[in-house]
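Q: Please take me slowly through one part of this model, the one you would look at first if you were searching for an opening. I would then like you to go on from there to other parts of the structure.

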Amino acid sequence: MGANPNGEIVLETKDLNVFYAKSHALIDINVETKKNNVTALIGPSGCGKSTLIRSFNRMNDVIDGCKITGTVLYKGRDLYHEYNIEEIRTKIGMIFQKPNPFPMTIYDNISYGPSVHGINDTKKLDEIVERSLKLAVLWDEVKDRLKDNSLELSGGQQQRLCIARALAIEPEILLMDEPTASLDPIASAKVEALILQLRKRYTVVIVTHNMQQAARISDYTGFLYMGRLIEFAETTELFESPKEDLTEKYLTGRFG
C-alpha cells in the first residue's frame, strides 16, 4: 500500500471518551489519521468503531445523553471548539452503511450541496456534477440518465452516487461507515477500487467488519475492542505481526 509514515496528521484524538447515558462507549482513545491515507477501523460489533468515526465529524452531537471528553483535533485545531458544524460537515464528508440518495434526480443529488453553498451558475453546476460523478467512477453509467430519479439506480450505483454527492462540496476527508455492508461482491469491489483511487486526493477513514477488506485497501488499521483501541499500526504490520495477543486472537478467529 502507499502508507506515508511521514504524512501530515489531519485528524487526531487525545484521550477521547464518549458516553451514551451510562454506557462508556469509547475509553481513552488516542489515534492519528494521516493525509492521503486510508485508515481502517476493525473490531467486533459494538466495540466503538462507528462511535469513533462519528466523533470525527461531530455526528454524536445530535444524540441525546451523549457526553464527550478529551480532544479531537482537525489540522491541529480543536474540532469541537474551534470550528462550527457547517465548516466541519463541508470539510469532512460521511458515507453510511446503507446508500441514502435524496429522492430526486441524479443531477439534483450532486448539485444540491453546491447550491446550498451559494453556487447557482448552471454551467458551474454542470461541471461540478460531471467532475464528481467521474471521481466516483459513475459518470459513464449515468451521463445519459441525469434527469432520472436516483432511486432507480442499483444499490452499488446509489452508494457511488452518495460518494459523488459528498465529493461535490470538495471535502478533505471522507468518513465511511461500512460502505459496502449492504452491497453484493461485485458492487463492493467497485467501491473498494474507488476508495483506492480517492486516496490520491482525499484522506479516507473506513469502518469495516470485513478484515479482508481492511487488508486490501487500507494503509493503517486500528483494532477496537470493548471501547478501547487495542492496537494501531500500518496495515501490513498489524495483520502479519500484531503486537497484542488480543489482536492476534481476533485476526485468527480465536476470539472469546
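A: What follows starts with a pocket, goes on to a helix and the nonpolar cores, and ends with some loops and charged pairs.

The model is predicted, so local features are described where pLDDT is at least 70 and side-chain atom pairs where it is 80 or more, while totals for chains, interfaces and linings use all residues. Residues are numbered from 1 along each chain as its sequence is written, and side-chain values use heavy atoms, with hydrogens and water left out.

The largest pocket (on a 1 Å grid over the protein atoms alone, an open set of points where a 1.4 Å probe fits, with protein on both sides within 12 Å along at least five of seven lines) is the place to begin. It is lined by 21 residues, each with an atom within 4 Å of a point. If you want to find the centre of the largest pocket on screen, look for Arg89, Met94, Phe102, Arg165 and Ile169, which are the lining residues nearest to that centre. Four elements each give two or more residues to this lining, namely helix 2 (85-91), strand 6 (92-95), helix 3 (106-116) and helix 6 (155-167). Helices (H or I, at least four residues) and strands (E, at least two) are DSSP runs, numbered from the N terminus.

Of these elements, helix 3 can be followed further into the protein. Its buried residues (under 20% relative accessible area with a 1.4 Å probe, protein chains only; exposed is over 50% and partly exposed lies in between) are Ile106, Tyr107, Asn109, Ile110, Ser111, Gly113 and Pro114. As background for reading such a list, an α-helix has 3.6 residues a turn, so residues three or four places apart point the same way. The buried residues of helix 3 pack against helix 4 (122-135), helix 5 (139-142) and helix 6, and helix 6 is also one of the elements that line the largest pocket. Just after helix 3, the chain reaches Gly118, which takes a positive phi of about 95°.

Next come the nonpolar cores (sets of buried Ala, Val, Leu, Ile, Met, Phe, Trp, Tyr and Cys residues joined through side-chain atoms within 4.5 Å). The largest of them has 43 residues, and the members that touch the most others are Ile42, Leu133, Ile163, Met176, Ile195 and Leu198. Leaving aside neighbours within four places in sequence, Met176 is in contact (heavy atoms within 4.5 Å) with Ile53, Ile95, Ile163, Ile195, Leu198, Val204, Val205, Ile206 and Val207. Apart from this core lies another one, of 26 residues, with Val31, Val72, Leu79 and Met94 among them, and Met94 is a residue you have already met by the centre of the largest pocket.

Two members of that other core, Val72 and Leu79, also turn up beside Ser55, a residue of helix 1 (residues 49-55). Ser55 counts as buried because its relative accessibility is 0%, and its contacts beyond four places in sequence are Leu16, Val18, Leu26, Asn60, Val72, Leu79 and Tyr80.

The loops offer a useful contrast between two residues. Glu178, in the loop between strand 7 (173-177) and helix 7 (185-198), has a positive phi of about 50° although it is not a glycine. Met226, in the loop between strand 9 (220-225) and strand 10 (228-234), is likewise not a glycine and has a positive phi near 50°. Glu178 is buried, with a relative accessible area of 14%, whereas Met226 is exposed at 59%.

Another loop, between helix 9 (235-240) and helix 10 (245-251), holds Lys243, which counts as exposed because its relative accessibility is 63%. Lys243 forms a salt bridge (a side-chain nitrogen of Lys or Arg within 4 Å of a carboxyl oxygen of Asp or Glu) with Glu237, the closest N and O atoms being 2.7 Å apart. Its partner Glu237, at 31%, is partly exposed. Not counting residues up to four places away in sequence, Lys243 touches Glu231 as well as Glu237.

The whole structure holds 14 salt bridges. One of them pairs Arg77 with Glu82 at 3.7 Å, N to O, with Arg77 partly exposed at 33% and Glu82 partly exposed at 43%. In another, Asp148 and Arg145 meet at 3.2 Å, N to O; Asp148 is partly exposed at 28%, and Arg145 is partly exposed at 25%.
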